[in-house]
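Visitor: I would like a close look at one part of this model, namely its aromatic rings and what surrounds them. Please take me through that part in detail.

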Amino acid sequence: MLNSVTAGHQLARRAIAHQVVAVCATSLACLVLGVETALAVAAGGGAVTAGAALSAAWSLRRGVVPSGVALARMFVGVALKWCLVFILFSL
């Protein structure tokens, strides 16, 4: 086995942290264009980051599982991610 379950959790946490930093930096850079623009960037980036966090949490919620179950979890996680993103964008 090349990767442990813990390595997957750590990688997911690191990816979400990088997304949060990127959204914050972009939002601060857009503050020059106006507060509304910066808030829009923060809201959109926050929605995508929240969706990614939900997808990672759903996909990696338990230990080692058969490959079919892991693939199904990944597909459901991606579907949940985009549902959350579309819901947050519509708000």
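Guide: What follows concerns the aromatic side chains, with a note on confidence before and on the cysteines after. The model is predicted, and the protein chain has an average pLDDT of 89, with 97% of the residues scoring at least 70. Among the elements of the chain, helix α2, residues 35–59, has the highest mean pLDDT, 93, whereas helix α3, residues 67–90, has the lowest, 90.

The count of aromatic pairs comes to one. Its members are Trp82 and Phe86, whose ring centres lie 6.1 Å apart; the planes meet at 40°, between the limits of 30 and 60 degrees, so the pair is classed as tilted. Both residues belong to helix α3, where a spacing of four residues corresponds to about one turn of the helix. Trp82 has a relative accessible area of 40% and is therefore partly exposed. Phe86 reaches 54% relative accessibility and so counts as exposed.

A further aromatic ring, that of Trp58, has a charged neighbour: the charged end of Arg61 sits over this ring, at 4.2 Å from its centre.

As for the cysteines, the structure holds zero disulfides. Cys24 takes part in none, and the cysteine sulfur nearest to its own, that of Cys30, is 12 Å away. The relative accessibility of Cys24 is 44%, which makes this residue partly exposed. Cys83 is likewise partly exposed, with a relative accessible area of 45%.

Methods
Residues numbered from 1 in each chain as written. Predicted model: local features only at pLDDT ≥ 70, side-chain atom pairs only at ≥ 80, totals over all residues. Heavy atoms only, no water. pLDDT = per-residue confidence, 0-100. Helix = DSSP H or I, 4+ residues; strand = E, 2+ residues; numbered from the N terminus. Phe/Tyr/Trp six-rings, centres within 6.5 Å; stacked < 30°, edge-to-face > 60°. Buried < 20%, exposed > 50% of the residue type's maximum accessible area, 1.4 Å probe, protein only. Lys NZ or Arg CZ within 6 Å of the ring centre and 35° of its normal. Disulfide = S-S within 2.5 Å.
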